[in-house]
Amino acid sequence: MPKILVVDDEEHIRLLYSEELKEAGYEVITAENGFKLLEKIEEEKPDLVVLDIKMVDYNGLDILQDIRNHFYDLPVILSTAYDTFKEDMKSIAADFYVVKSFDLTELKKKIAMALETRLPG
């Protein structure tokens, strides 16, 4: 069962994503910010990270750079309430991005696509 790490500083988003993704057959772990995130990835070995861009103390794009530097083949989906970030060059390091919504159809589709290219079979 693929394991997904959801990084978002909004609790209701973490809960929503956890519920929906578990129902879709994924194992889900969450983090509320970028604090010790690389250690968490090292320990938990997720198959994919869903990363919020705008968090109170952390910029998701900087975290994305850190993830890329340490786990270059780990798929990352940027999730944001705004789509202006697409103009930021740093965002091209992500595999996909989705604009936050309570309808997770798009997110689930992107997760499936990202995992398809990573997981054998």
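Here is a friendly chat about a predicted model and how its parts pack and pair.

Colleague: Let's start inside. Which helix supplies the largest share of the largest nonpolar core?

Modeller: That core holds 19 residues, and Leu5, Val7, Leu37, Ile41, Val49, Leu51 and Ile67 touch the most other members. Strands 1, 2, 3 and 4 along with helices 2 and 3 each supply at least two residues. The largest share, four residues, comes from helix 3.

Colleague: Is there a second core, and if so, how many residues does that separate core have?

Modeller: Yes, there is one, separate from the core just described. Val6, Leu16, Tyr26 and Val28 are among its members. Its size is 17 residues.

Colleague: Back to helix 3, then. Within what arc do the buried residues of helix 3 fall, seen down its axis?

Modeller: The buried residues there are Gly60, Leu61, Ile63, Leu64, Ile67 and Arg68. They line one face of the helix, because seen down the axis of helix 3 they fall within an arc of 155 degrees.

Colleague: Which exposed residues sit on the face of helix 3 turned away from that buried side?

Modeller: The buried residues of helix 3 pack against helix 2, strand 3 and strand 4. One of those buried residues, Ile67, touches Leu37, Leu38, Ile41, Val49, Leu51, Tyr72, Leu74 and Val76, leaving aside residues up to four places away in sequence. The face turned away from the buried side carries the exposed residues Asn69 and His70.

Colleague: Which residue caps the N-terminal end of helix 3?

Modeller: Look for a side-chain oxygen that lies 2.7 Å from the backbone nitrogen of leucine 61. The residue that provides this oxygen, and so caps the helix, is asparagine 59.

Colleague: Now for charges. How far apart in sequence are the parts tied together by glutamate 44 and lysine 3?

Modeller: These two form a salt bridge, with their closest N and O atoms 3.0 Å apart. Glutamate 44 is partly exposed at 27% relative accessibility, whereas lysine 3 is buried at 13%. Since glutamate 44 lies in helix 2 and lysine 3 in strand 1, the pair ties together parts that are 41 residues apart in sequence.

Colleague: And which lysine forms a salt bridge with glutamate 20?

Modeller: Glutamate 20 is in helix 1, and its partner is in helix 4, 88 residues apart. Glutamate 20 is partly exposed, with 23% relative accessibility. The closest N and O atoms of the pair are 2.9 Å apart, and the partner is lysine 108.

Colleague: What is the N to O distance in the salt bridge of lysine 109 and glutamate 106?

Modeller: Both residues lie in helix 4, three residues apart, or about one turn of the helix. Lysine 109 is partly exposed at 46%, and glutamate 106 is partly exposed at 37%. Their side chains meet with an N to O distance of 3.9 Å.

Colleague: One last thing: where is lysine 45, which has a positive phi although it is not a glycine?

Modeller: Its phi is about 50 degrees. Lysine 45 is exposed, because its relative accessible area is 52%, over the 50% cut-off. Its place is the loop between helix 2 and strand 3.

Technical notes: Residues numbered from 1 in each chain as written. Predicted model: local features only at pLDDT ≥ 70, side-chain atom pairs only at ≥ 80, totals over all residues. Heavy atoms only, no water. Core = buried A, V, L, I, M, F, W, Y, C linked by side-chain atoms within 4.5 Å. Buried < 20%, exposed > 50% of the residue type's maximum accessible area, 1.4 Å probe, protein only. Contact = heavy atoms within 4.5 Å. Arc of directions from axis to C-beta. Polar contact = N/O pair within 3.5 Å; in protein donor to acceptor, adjacent residues only side chain to side chain. Salt bridge = Lys/Arg side-chain N within 4 Å of Asp/Glu carboxyl O.
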